[in-house]
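Please open the structure in your viewer and keep the selection tool at hand, since this tour moves from one residue to the next and says what can be found at each stop.

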Amino acid sequence: MDDALVIGGTRFIGRHLVEELLEHGYDVTILNRGSHENPFADDDRVDRVEGDRTNEAALEAAATTVDPDAVFDCVAYQPRDVREATRIFADCEAYVYVSSGSAYGREDIPKREDETPLEPCTPDQATDDSMETYGNRKAEGDRAVFAAAEQGINSMSVRPPVVYGPHDYTERLDWWIDRVNRFDRVVVPGDGTNVWHRAYVEDVASALRIVAERGEPGEAYNVGDRRLVTLAEMVELIADRLETDVEIITAGPRELAAADIELDDYVLYRDYPHVLSTAKLAALGWEATPPAEAMERSVEAHLENDRDGDDNGPDREAEERVLGILDTL
């Protein structure tokens, strides 16, 4: 494969995917509306086609003008987007859909591609755009990929959990880095041992390329850090990368309630483990970045920008009330 079309390509996963493809010798074209700054505007290796991916005519025009070998769909948020794309790019050597670990409908540990059932999706959910139906819509997008493969289309799916790393506009990890960088006592909800599988963004990008090159049509592949860390261990990794010492203060629901804080107010907290098996992807030759190295790059990126993730967790004044309570116990 030589020519790749990335639908999206300018913000986070798509941006890293373009860089990954360029490093491996692809000619890359990105398709987007131009709503966000194009980091490749001055890079003559990357062409751009303007268009709305929800517009069927825009996809058909891209299929004709670009004639890609591989299509990477980073911004398909409704099942109909996937159905249209797999039809329009039916002659490509690979169509890879960015799904999500949220597509799984049962709390298995770990969640496996060919064993754990997916979320159901009603017609109303399929056309919704709220976070409440995100997993349902991603699951239905996966089913569209599988249906297309049954028709002879080389369509595949990649399912990441929470993605982190440079250029993460959600600022989820930035909130925690900011906390560790500014305070010597960091409140961690629960007992600190909860696990929510995460995926370093460069690893997601390499997974997408490898699945396009080596994956099997009609298959889904989980991607995520090969070594999982708890929330408390994540804070320690951040502190190590910042070369600082922090005291981790765990707080349960009773202590947090005194400051009107709930466990779920903390970003990246999950009360039940969310773990994906990545063995199927690793069998294709994919490798993950060690967590310490991934965190080092993430911290460096944080320090170079003004993102603090302030909206992703409780304010410090409320946390100080919790710390005051815990100090009296």
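Which side chain does that of Arg270 meet in a salt bridge? Select Arg270 together with Glu107, and you will have both partners on screen, with a nitrogen-to-oxygen distance of 2.8 Å. Arg270 lies in the loop between α9 and α10, while Glu107 lies in the loop between β5 and α4, so this pair ties together parts of the chain that are 163 residues apart in sequence. As for its surroundings, Glu107 is partly exposed, with a relative accessible area of 36%. Please keep in mind throughout that this is a predicted model.

**Along the loop between β5 and α4**

From Glu107, turn to Arg106 and Asp108, which form a salt bridge of their own, with the closest N and O atoms 2.8 Å apart. Are both partners placed alike with respect to the surface, or is one of them buried? Arg106 is partly exposed, at a relative accessible area of 43%, whereas Asp108 is buried, at 17%.

Keep Asp108 selected and add Thr116, because the two side chains make a polar contact of 2.8 Å. Thr116 is in the loop between β5 and α4, and with a relative accessibility of 5% this residue counts as buried. A polar atom of the Thr116 side chain also lies 3.0 Å from the backbone nitrogen of Arg112, and Thr116 therefore has a polar contact with a backbone atom as well as one with a side chain.

Now select Ile109 and Pro110 and look at the peptide bond between them, which is cis, with an omega of about -5°. Pro110 belongs to the loop between β5 (94-98) and α4 (123-126).

To leave this loop, select Asp114 and Lys280, whose side chains meet in a salt bridge with an N to O distance of 3.2 Å. Lys280 lies in helix α10 and Asp114 in the loop between β5 and α4, so here the pair ties together parts that are 166 residues apart in sequence. Which of the two is buried, and which is exposed? Lys280 is buried, with a relative accessible area of 19%, and Asp114 is exposed, with 58%.

**The loop between β7 and α6**

Next, select Asp168, which is placed in the loop between β7 (162-164) and α6 (172-182). Asp168 is buried yet has no salt bridge, and the nearest side chain of opposite charge, that of Arg172, is 4.4 Å away. A salt bridge requires the nitrogen and the carboxyl oxygen to be within 4 Å. Asp168 does have a polar partner, however, for its side chain makes a polar contact of 2.7 Å with the side chain of Thr170.

In the loop between β7 and α6 you can also select Glu171, which has a positive phi of about 60° although it is not a glycine. A second residue with a positive phi is Glu243, at about 55°, and again it is not a glycine. Glu243 is found in the loop between α8 (231-242) and β11 (247-251), and it is exposed, with a relative accessible area of 75%.

**Two buried stops**

Select Ser298 in helix α11, which counts as buried at 4% relative accessibility. Add His167 to the selection: the C-alpha atoms of these two residues are separated by 8.9 Å, although they are 131 residues apart along the chain.

Then move to Val275, in the loop between α9 (253-257) and α10 (279-282), which is buried with a relative accessible area of 15%. Val275 and Arg137 are 138 residues apart in sequence, and from C-alpha to C-alpha they are 20 Å apart in space.

**Charges in groups**

Select Arg179, Arg316, Glu319 and Glu320 together, and you will see four residues linked in a network of salt bridges. For the structure as a whole, the count comes to 23 salt bridges.

For the last stop, which residues gather in a patch of negative charge on the surface? They are Asp306, Asp308, Asp310, Asp311, Asp315 and Glu317, and of these Asp310 is placed in the loop between α11 (291-303) and α12 (316-327).

Note on methods
Residues numbered from 1 in each chain as written. Predicted model: local features only at pLDDT ≥ 70, side-chain atom pairs only at ≥ 80, totals over all residues. Heavy atoms only, no water. Patch = residues over 30% accessible without salt bridge, like charges linked within 9 Å, V, L, I, M, F, W, Y side chains within 5 Å. Areas by Shrake-Rupley, 256 points an atom, 1.4 Å probe, with all protein chains shown as cover. Lys, Arg positive; Asp, Glu negative; His and termini not counted. Charge placed at Lys NZ, Arg CZ, Asp CG, Glu CD. Helix = DSSP H or I, 4+ residues; strand = E, 2+ residues; numbered from the N terminus. Buried < 20%, exposed > 50% of the residue type's maximum accessible area, 1.4 Å probe, protein only. Polar contact = N/O pair within 3.5 Å; in protein donor to acceptor, adjacent residues only side chain to side chain.
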